[in-house]
Amino acid sequence: MPVMLIAEDDEDIALVLTRVFKRAGMTVLRAVDGVAALELLAENEPDVIVTDLGMPRMDGWELIAAVRADPRASRTPIAILSGHLRPGDPRAGSAQCCAILLKPCPNDQLLATVQELLEIGPHDHDSSDSRCPAEMPVSV
């Protein structure tokens, strides 16, 4: 059973995401911000991470940078799910995220994106032969 880590500070959105992914047969770990996500990451090895950008204590950009700097977790696929990202934001290209989804995102699109990242599996994010779709995000 795939393990997913969700970093989302909005309780209602987190509940919906948790329900969607559990119904799809995944184990869901939920963090209220980037700091809590890193704590869960230290105790678990999720197969994929979905993060919001606008969170207290540590935002999604900082979380992505911390995950990529952690040798144990650096190859984990990460998707951004945010309502705060503007098309063409240069941070998206340099953050080494694997997919970008904008809120509100239909559940079927969200599930398809996560499923694609699970199929790709752990991968490098800084080499030309990487399997990461970061150069061509799954959705913008």
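1. Cysteines to start with. The sulfur of Cys97 sits 7.0 Å from the closest cysteine sulfur, that of Cys98, which is too far for a bond. The structure therefore holds zero disulfides, a disulfide being a pair of cysteine sulfur atoms within 2.5 Å. Cys97 is buried at a relative accessible area of 4%, and Cys98 is buried too, at 0%. For the cut-offs: buried means under 20% relative accessible area, exposed over 50%, and partly exposed in between, with a 1.4 Å probe and protein chains only.

2. Some ground rules. This is a predicted model, where local features need pLDDT of at least 70 and side-chain atom pairs count only at pLDDT 80 or more, while totals for chains, interfaces and linings use all residues. Residues are numbered from 1 along each chain as its sequence is written, and side-chain values use heavy atoms, with hydrogens and water left out.

3. Now helix H2, residues 34–43, where Gly34, Ala36, Ala37 and Leu41 are buried. Those residues cover an arc of only 155° around the axis, so they lie on the same side of H2; the arc is taken over the directions from the helix axis to the C-beta atoms. As a reminder, an α-helix has 3.6 residues a turn, so residues three or four places apart point the same way. Ala42 and Glu43 are exposed, on the face of H2 turned away from its buried side. Helices (H or I, at least four residues) and strands (E, at least two) are DSSP runs, numbered from the N terminus.

4. What packs over that buried side? The cover on the buried residues of H2 includes strands S1 (3–7), S2 (27–31) and S3 (48–51), along with helix H3 (60–69). At the N-terminal end of H2, Asp33 acts as a cap, with a side-chain oxygen 3.1 Å from the backbone nitrogen of Val35.

5. Over in helix H1 (residues 11–23), have a look at Thr18. Thr18 is buried, with a relative accessible area of 17%. Neighbours within four places in sequence aside, Thr18 is in contact with Ile6, Val28 and Arg30, where contact means heavy atoms within 4.5 Å.

6. On to charges: a search of the whole structure turns up six salt bridges, each a side-chain nitrogen of Lys or Arg within 4 Å of a carboxyl oxygen of Asp or Glu. One of them pairs Glu11 with Arg30 at 3.1 Å, N to O. That pair links distant parts of the chain, with Glu11 in helix H1 and Arg30 in strand S2, 19 residues apart. Glu11 is partly exposed at 42%, and Arg30 is partly exposed at 25%.

7. Asp52 and Lys103 also form a salt bridge (3.4 Å, N to O). Here Asp52 is in the loop between S3 and H3, and Lys103 in the loop between strand S5 (99–102) and helix H5 (107–120), 51 residues apart. Asp52 is buried, at 3% relative accessibility, whereas Lys103 is partly exposed, at 24%.

8. Arg75 and Asp124 make another salt bridge, at 3.3 Å, N to O. Arg75 belongs to the loop between H3 and strand S4 (78–82) and Asp124 to the segment after H5, with their positions 49 residues apart. Arg75 is partly exposed at 38% relative accessibility, and Asp124 is partly exposed at 36%. As for networks, Glu8, Asp52 and Lys103 are joined into one by salt bridges that share partners.

Key
A polar contact is a pair of N or O atoms within 3.5 Å; within protein, one must be able to donate a hydrogen and the other to accept it, and residues adjacent in sequence count only if both atoms are side-chain atoms.
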